[in-house]
Amino acid sequence: MADAHFLAGALTSAMLVLLSTTVVVNGLYEDQIKKFDWRSMHVGAAKHIHVDLNHFQPRLLLGTHEQVVASICPKTGEIGWRQVLEQKARGDIKLLQVSGFADDSSDTAAAPVGTHLGFDMLTVQGHAPALVRGWNTNTGTIEWEWSVMPLNTERAQDAHWFYSNSLLYHVVPTWRSHLEVTAYFGTSGHTTGSTSKIMAAWIKPESCLLSGTFFVCVDGKQLISLDLVAKSTQVIATTLDTEPTSKVQALAGLNGVLVVNRKLVSVNKAQTVCDTLQSSSYAVGTFNYRKIVAYGDLAEGVLKIKAAYLDNCAPVPELDQSLTFNADYGTPSLRSFDCKLKRNGDGKSCLFVFSTSAESIVAVQQNRVRWVREEALANVVDSQFIDLPLADSEGTLENEMKGKSVDATGFETDIASAFLRRITTQAIQIKSLFLHVIGLGPPPTDTQRAGLVRDSFGLHKMLVLLTRSGKIFGIDNIIGKHHWQLYLPNVVGFGNDENMRLIVQRTSKHFPLQPLCTIVAKDLSTGNGVLYRFNPITGRAAEGGLLQLDYQIKQLSLLPEAEPDFVKGILLLDATNKVHVHPKHATQLADGMYLYTADVKTSELAGYFVKYAGEKLSTTPIWTVHLCGHNNEQKIVAVAGKSSIEHVHSQGRVLGDRSVLYKYINPNLVAVITQAPDALHKSILNLYLIDVVSGSIVFTMTHRKVRPPVHIVHSENWLAYSYYNDKVRRTEITTIELYEGKTQANSSVWSSLKAPMMPLVERQSYIIPTVVEALRETITERGITNKHVLIGTANGAIIEMPWALLDPRRPIASTTQGREEGAIPYIPELPLPTENFINYNQTIARLRNIYTAPSGLESTCLVVATGLDLFVTRVAPSKTFDLLKEDFDYILISIVLVALTSGSLIVRHLASRKLLKQAWK
Amino acid sequence: MMYNYFIVICFLLCAANCGWSYLEQDSWTNVELHHGLSSDPEHFSFRGNVTIPSLNSALSSLHQIELKTSELNVLTDLARQNGFYRLKVTVMYPNGKKQIFLTSSKACSLLQSELNDILWISVGPSGFISSVTHTSLSDSIECDVNIIEHIQGQEYNTDVLVKHSELAPMPDTAGFIQKVEREREARERGEVRDNRGFFSKYWMYIVPVVLLVFISGATNQDAAK
């Protein structure tokens with residue numbers, strides 16, 4: 001038996017040796033940490049904000065829409081601590097109650113001295129079960145937790161929670177019938193008695209809310225309210241001046257006070273308010289030991305903050321502030337403020353915290369913006385790496401080269417003029433260098449001053465990120481600095497599960513023309529398409545900026561570059577299947593284009609052919625595919641095409657017998673995955689490989705007892721996708737490679753209409769011992785470098801997986817043929833060595849997507865991983881074969897070279913002398 | 001006796017096709033073909049009928065009507081403009097459900113192949129048709145006007161091919177464990193035999209020796225000079 005163990009051990013070690021010799025290990029050295037990468041941490045759009053400057057440790061406590069609880073330093077805006085909690089409805093923060101809030105004694109956590117039952121902060125999350133947690137806000141740790149499982153989980157979705165006098169109240173409305181109110185001891189979870197049922201036939205969804213202890217519903221021009229903690233359940237009706245035009249909001253900090261039509265209204269007789277104030281956002285706080293209400297409004301780019309004492313409505317002149325507010329922060333609303341407690345304070349210590357429509361958190365103090373947190377970056381939906389512009393001198397050189405290549409035919413005859421041009425360029429260069437040296441040169445441009453000049457390896461790029469809120473960022477990919485930001489209000493992603501898109505219409509290659517990017521989105525109010533054109537280096541609008549289209553966008557595609565401005569036109573298919581091109585002068589290039597649409601709801605795909613005739617574009621539907629099944633039970637869960645900038649360097653794969661297996665490289669191939677419930681197998685997953693030009697289904701494959709989440713990556717002639725196997729309860733990855741066979745149908749031009757109908761399909765499945773959240777392939781300039789698959793996992797790591805390990809041709813039986821082909825013997829479980837984690841210990845919270853882009857170096861691929869955090873790095877799948885190592889010893893090699901040269905000269909001299917001497921002998 | 005055989009065959013069929021339990025119903029699927037050969041792009045005229053007794057066996061019977069001269073002229077015109085020959089396919093399942101597919105191929109290649117075409121029917125995993133694709137058997141990519149204007153015959157010669165869905169692989173843990181066991185046993189018995197050739201086995205020893213011989217030979221030659 002011991003022998004067997006030894007043998008098994010020997011076998012595994014042999015396997016390991018084999019693996020380590022064939023697979024490139026991409027570990028990072030210790031001194032390279034944070035050298036090529038950076039991470040920025042975010043918390044998401046704020047939902048609950050609470051500033052407390054009078055705590056022994058000033059703090060800003062946050063609960064966000066991303067289900068994160070965090071403490072922010074009020075001075076700098078940096079994260080003190082952050083806890084990323086449960087996702088989706090389960091983690092939805094319903095209540096964030098901070099103990100000892102201001103001087104309202106009812107909110108303190110009354111706990112006996114010496115027990116652990118007090119709390120700094122209490123949160124309620126989710127509805128079934130509702131999790132109640134007490135936090136230590138200094139360390140960010142949970143002190144205690146209890147949960148409530150409601151009897152009726154559906155009704156509990158609309159439940160409200162509030163905290164009053166050490167009791168936590170759970171309010172479950174049954175619409176148009178009654179309210180169920182249960183009180184719990186906040187810290188222990190014991191109920192105080194039975195659930196009280198309050199008959200209230202007037203409650204309706206959408207029009208009711210909770211303000212302090214009051215349950216308030218809007219009914220036309222009336223506010224009907226009920227104090228839930230009062231002894232008598234008396235319904236109070238408050239008449240409004242006019243019907244509320246916007247959503248009624250509760251004012252935190254005051255019991256029974258609401259904001260209706262920009263005015264404060266109290267439904268609580270004990271609480272008086274200043275009803276003359278007019279503002280879009282209010283916050284309650286304390287100043288000079290008196291309760292005040294502050295309000296902030298944006299008017300023509302100037303943010304004005306004012307405040308009034310609550311008791312006599314007199315204004316507080318010390319707190320009046322006004323400052324210019326950047327348009328790209330969005331519309332602010334005052335969420336919380338606090339001042340240092342002093343007698344006769346001058347208001348300079350007051351910190352006002354705003355959340356904005358662009359999902360930023362802005363802190364204002366002493367008439368200026370103290371800090372800004374760009375929380376829109378927690379929801380990146382698209383990203384592009386843009387080459388930086390050339391320095392001016394290089395630009396002129398580039399222009400000269402271009403001029404030469406354009407009239408290549410007239411080159412021979414034009415030697416004299418070409419020579420002249422060269423001489424003048426160099427003269428200009430020398431002149432500019434001279435002027436620069438004596439300090440008379442032209443002032444550097446904005447981009448040059450910001451250090452935004454292309455480096456020799458093309459590793460320094462502008463990272464343009466498009467976020468869900470419509471905010472766009474231009475970030476330096478080396479240092480992570482935000483160079484510019486833009487905000488597009490009123491845009492949303494498309495229907496059919498499609499996000500907004502960021503498109504590069506012109507790259508930086510066409511000096512002196514500036515690069516051009518376009519955002520394609522949907523207008524929030526009309527549902528029509530919106531285009532926004534801008535320069536991705538400066539972040540300024542270009543070509544007229546915003547363009548409101550008068551149709552809905554169904555599909556878009558990019559056209560080839562159009563003369564004379566090298567802009568790639570955008571081909572848009574509208575809801576009525578008409579096509580449009582932007583810019584207009586590229587219309588002609590749309591002739592002969594193919595488009596396809598995939599409807600997620602009906603699981604139908606359709607193909608269109610675009611024709612240009614008589615100065616007009618028309619579409620012809622040419623194919624349809626129905627993946628819906630017999631009873632429309634199949635739903636599309638993933639669609640994956642190939643990257644349009646991909647180059648495939650190698651057309652085939654050399655087999656063990658030195659013959660070539662040609663790859664089936666079809667750029668028009670799209671993988672579609674559908675899911676359907678199944679009587680026998682619970683859930684089945686179908687993969688379809690569809691040629692979207694001819695509309696033919698190239699291959700179909702079925703997984704049984706398998707369900708989403710599905711993540712897919714499709715490149716060259718291969719495909720890898722991950723899914724959850726319900727039967728064995730683990731995540732698996734299936735890989736597919738397509739081959740044409742030993743002969744190639746057409747080596748020069750690919751035509752989908754003449755393609756081989758049945759390519760060879762190699763397939764294999766692997767177990768991956770982690771939960772996959774994102775998949776992406778690495779991409780390089782020429783496609784010579786090996787392709788690796790970047791696997792983003794649920795615990796925030798990115799694993800660089802060589803294709804050799806995912807290869808479906810890994811032989812099960814260890815044959816010599818497989819060995820000679822360079823394939824590793826099949827092992828069902830994929831290894832996840834820690835040295836392949838490209839983000840080592842820099843965990844990316846809620847990793848959602850990975851984007852890759854080629855750099856100027858063939859070996860290197862730029863990577864940005866997005867989620868709650870942002871992580872930017874670079875990877876070299878085949879190691880940096882075209883780059884000297886950083887610790888390359890230049891001195892040693894120079895010394896060796898000099899020594900060798902001088903040595904050979906000396907030896908030559910000596911040899912000749914010796915020969916001469918010999919000749920004389 | 002005959003009855004017995006029948007049962008055995010049935011059983012074998014089932015064993016072979018258990019994966020396609022959905023398709024086991026003995027069902028006649030009717031596929032109606034309409035081609036778009038008129039000036040009106042929305043109008044499709046009847047071309048023929050394909051009856052598939054069972055999608056599983058992929059047998060089919062075809063009935064197609066001959067191409068009219070006027071239609072052939074339209075087709076030739078389409079080919080000259082490099083247009084599409086569009087086919088509307090109506091699939092009628094035995095349960096009365098109807099689905100309409102659209103497929104197209106270049107009119108020119110249809111003419112070049114002298115109306116020899118293929119109808120690929122892709123059958124999804126639960127036995128429904130997910131797409132119908134029309135292609136023609138023509139090799140050349142360029143459209144040759146001479147060929148298309150001198151076409152013989154006006155009858156379609158169609159092959160109907162059915163593509164089935166396949167079953168995805170599962171991670172082969174059992175196979176891997178067996179392989180490891182086998183190798184272990186072989187090792188215990190001392191039967192690990194290397195059946196590679198002599199050179200492929202010992203090349204790493206031979207090459208340096210040969211190199212050495214060469215180098216020494218070269219230096220000797222120099223010395224001999």
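Q: How many residues lie between β47(A) and β48(A) in the hairpin that they form?
A: This is a predicted model, in which local features need pLDDT of at least 70, side-chain atom pairs count only at pLDDT 80 or more, and totals for chains, interfaces and linings use all residues. Residues are numbered from 1 along each chain as its sequence is written, while chains are lettered from A and ligands numbered from 1 in the order in which they are written. Elements are DSSP runs numbered from the N terminus, helices being H or I with at least four residues and strands E with at least two. Between β47(A) and β48(A), the hairpin has a link of 3 residues.

Q: Which strand is joined to β47(A) by 10 bridges?
A: Two strands pair if DSSP finds at least two bridges between them. With β44(A) (residues 635–640), β47(A) shares 5 bridges and runs antiparallel; there, A:V639 stands opposite A:V672. The set of 10 bridges, also antiparallel, has A:L669 standing opposite A:D691, and it joins β47(A) to β48(A).

Q: How many of the 10 residues of β47(A) are buried?
A: Buried means 20 or more other C-beta atoms within 10 Å of a residue's own, exposed means 12 or fewer, and partly exposed is in between, with C-beta atoms placed from the backbone. β47(A) covers residues 669–678 and is mostly covered. Its buried count is 8.

Q: Which residues touch the most other members of the largest nonpolar core?
A: A nonpolar core is a set of buried Ala, Val, Leu, Ile, Met, Phe, Trp, Tyr and Cys residues joined through C-beta atoms within 7 Å. The largest such set holds 248 residues. Topping it for links to fellow members are A:A294, A:F352, A:V353, A:V672 and A:I690.

Q: What does A:F352 touch beyond four places in sequence?
A: Contact means that the C-beta atoms of two residues, placed from the backbone, lie within 7 Å. Leaving out residues up to four places away, A:F352 touches A:A294, A:G296, A:I305, A:L334, A:F337 and A:V364.
Two of these names, A:F352 itself and A:A294, are also among the core members that touch the most others, and the full set of partners is A:A294, A:G296, A:I305, A:L334, A:F337 and A:V364.

Q: Which element gives the largest share of the side of chain A that touches chain B?
A: In total, 42 residues of chain A are in contact with 40 residues of chain B. Elements giving two or more residues to the chain A side include α1 (2–22), β48 (682–691) and β49 (697–704). By class, that side has 22 nonpolar, 17 polar and 3 charged residues (nonpolar: Ala, Val, Leu, Ile, Met, Phe, Trp, Tyr, Cys and Pro; charged: Asp, Glu, Lys and Arg; polar: the others, Gly among them). The biggest contribution, 7 residues, is from β43(A).

Q: Which residue of β9(B) stands opposite A:T702?
A: Strands from both chains pair up here: 2 bridges join β49(A) to β9(B) (residues 166–167), and the two run parallel. Facing A:T702 across that pairing is B:L167.

Q: Why does α5(A) count as lying largely in the open?
A: First, the helix itself: the expected span is 1.5 Å times one less than the number of residues, so the 24 residues of α5(A) (415–438) should span 34 Å, and the end C-alpha atoms are 35 Å apart, which agrees. Just after α5(A) comes A:G439, with a positive phi near 85°. α5(A) lies largely in the open because, of its 24 residues, the number buried is 0.

Q: Is A:E359 buried or exposed?
A: Most residues other than glycine have a negative phi, and most peptide bonds are trans. A:E359 has a positive phi of about 65° and lies in the loop between β26 (351–356) and β27 (360–365) of chain A. Because A:E359 has 28 C-beta neighbours inside 10 Å, it counts as buried.

Q: What is omega for the cis peptide bond between A:H582 and A:P583?
A: A:P583 is in the loop between β40 (579–582) and β41 (594–599) of chain A. Another cis bond runs from A:A128 to A:P129, with omega near 0°. For A:H582 and A:P583, omega is about -5°.

Q: How many contacts beyond four places in sequence does the model have for residues 1–25 of chain A?
A: pLDDT is the predictor's confidence in each residue, from 0 to 100. Chain A averages 85, and 91% of the residues score at least 70. Over residues 1–25, pLDDT stays under 50, and the contact count is 19.
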